[in-house]
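Here is a colleague's note to read beside the model. Please keep the sequence and the coordinates open as you go.

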Amino acid sequence: MNALMEFLYLPLFTIAGVPTTLAEGLAFITGAICVWLVARQHIANWGIGIANCLLFILIFTDSGLYADAGLQLVFIALGAYGWWNWVKGGGPADTLPVSRTGRMEWVALTGAGLLGLAGIALLLTFATDSNVPLWDALTTVLSLLATYGQCRKRVESWYLWIAADIVYVPLYAYKGLYLTSILYIGFMVLCVIGLRNWRSDLAAKAEPVGAAA
């Protein structure tokens, strides 16, 4: 295990005087592939995403981003659920279709998000040495809500991911994770593509209903 850790923390190159490790490089590659596959509704995204989470647990723990590190464990569990839901959620004759988030669902998600933000921020403030408790908590909550929406194939999940990425980019740069910061700029581009693809898919499924009416 120690040999594996030493291997993953081998420096690849330096950005702004900060060495970028092999673990961060692998996280960059698997993260980009994962989001690209999600945008195309390819089920392989879940397995690659779980591998990406394992890498980020190491990276974020080492950088003092404890909420983001713990978030990866939740992502792994949600990844297993999303994998199953994409296969079985649409029933025996179809895979899970793209849909919109309902009004009451939004109310529940907003309430859960606000409670989660307050709870995680307080925990990080008083129980860890984090120097970015609010921002770490905010990205954690936005990511959880977005992942829930992704598991259910809610088109609005892309808006939540874009909001999270807007915060992630400067946060990771501040922590010296420059390659990861660049990755999340790419994520924003892929999120826009994913949003466009899912909206097109949703519109295509609605066309026969409109024609029939």
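The numbered points below go from the overall layout to single residues.

1. **Overall layout.** The model is a predicted one. Its secondary structure comes to eight helices and two strands. Along the sequence the elements follow the pattern α-β-β-α-α-α-α-α-α-α. Of the 213 residues in the protein, 44% are buried.

2. **Helices α3 and α4.** Helix α3 covers residues 45-63 and helix α4 covers residues 66-88. They pack at an angle of about 170°, and their axes lie 8 Å apart. Angles over 145 degrees count as roughly antiparallel, so α3 and α4 are roughly antiparallel to each other. Sorted by class, their contact has 16 nonpolar residues, six polar and one charged.

3. **Length of α7.** Helix α7 runs over residues 157-174, which is 18 residues. At 1.5 Å a residue, α7 should span 26 Å. The C-alpha atoms at its ends are 26 Å apart, so the expected span and the model agree.

4. **Kink in α7.** Where does α7 kink? The kink lies at Tyr 168 and comes to about 25°. The proline Pro 170 follows shortly after Tyr 168. Just after α7, Gly 176 takes a positive phi of about 85°.

5. **Buried residues of α7.** The buried residues of α7 include Trp 158, Trp 161, Tyr 168 and Tyr 172. Leu 160, Ile 162, Val 167, Val 169 and Leu 171 are also among them. So are Ser 157, Ala 164 and Asp 165. Tyr 168, the site of the kink, is thus listed as buried too.

6. **Aromatic cluster.** The structure holds 10 aromatic pairs. One aromatic cluster is formed by Phe 56, Phe 60, Tyr 168, Tyr 172, Tyr 184 and Phe 187. Two of its members, Tyr 168 and Tyr 172, are buried residues of α7.

7. **The Trp 86 and Trp 198 pair.** A pair of aromatic rings is described by the distance of the centres and the angle of the planes. For the aromatic pair of Trp 86 and Trp 198, the centres are 6.3 Å apart and the planes make 55°, and the pair is tilted. The pair links distant parts of the chain. Trp 86 sits in helix α4, Trp 198 in helix α8 (residues 178-212), and 112 residues separate them. Trp 86 and Trp 198 are both buried.

8. **Positive phi outside glycine.** Most residues other than glycine have a negative phi. Gln 41 has a positive phi, near 55°. It lies in the loop between α2 (22-39) and α3. Lys 153 also has a positive phi, near 55°. Its place is the loop between α6 (133-151) and α7. Please look at both residues.

9. **Accessibility of Gln 41 and Lys 153.** Is Lys 153 buried or exposed? Lys 153 has 3% relative accessibility, so it counts as buried; the cut-off for buried is under 20%. Gln 41 has 25% relative accessibility and therefore counts as partly exposed.

10. **Thr 128.** Thr 128 is placed in the loop between α5 (103-127) and α6. Its relative accessibility is 27%, so Thr 128 counts as partly exposed. Thr 128 and Ala 67 are 61 residues apart in sequence. In space, their C-alpha atoms are 9.8 Å apart.

How values were computed. Residues are numbered from 1 along each chain as its sequence is written. This is a predicted model: local features need pLDDT of at least 70, side-chain atom pairs count only at pLDDT 80 or more; totals for chains, interfaces and linings use all residues. Side-chain values use heavy atoms; hydrogens and water are left out. Helices (H or I, at least four residues) and strands (E, at least two) are DSSP runs, numbered from the N terminus. The expected span of a helix is 1.5 Å times one less than its number of residues. The bend at a residue is the angle between axes fitted to the seven residues ending there and the seven starting there. Buried means under 20% relative accessible area, exposed over 50%, partly exposed in between (1.4 Å probe, protein chains only). Axes are lines fitted to C-alpha atoms, for helices over the stretch in contact, and angles run from 0 to 180 degrees between N-to-C directions. Angles under 35 degrees count as roughly parallel, over 145 as roughly antiparallel, 65 to 115 as roughly perpendicular and the rest as oblique. Ala, Val, Leu, Ile, Met, Phe, Trp, Tyr, Cys and Pro count as nonpolar, Asp, Glu, Lys and Arg as charged, and the others, Gly among them, as polar. Rings of Phe, Tyr and Trp (its six-membered ring) pair if their centres lie within 6.5 Å; planes under 30 degrees apart count as stacked, over 60 as edge-to-face and the rest as tilted.
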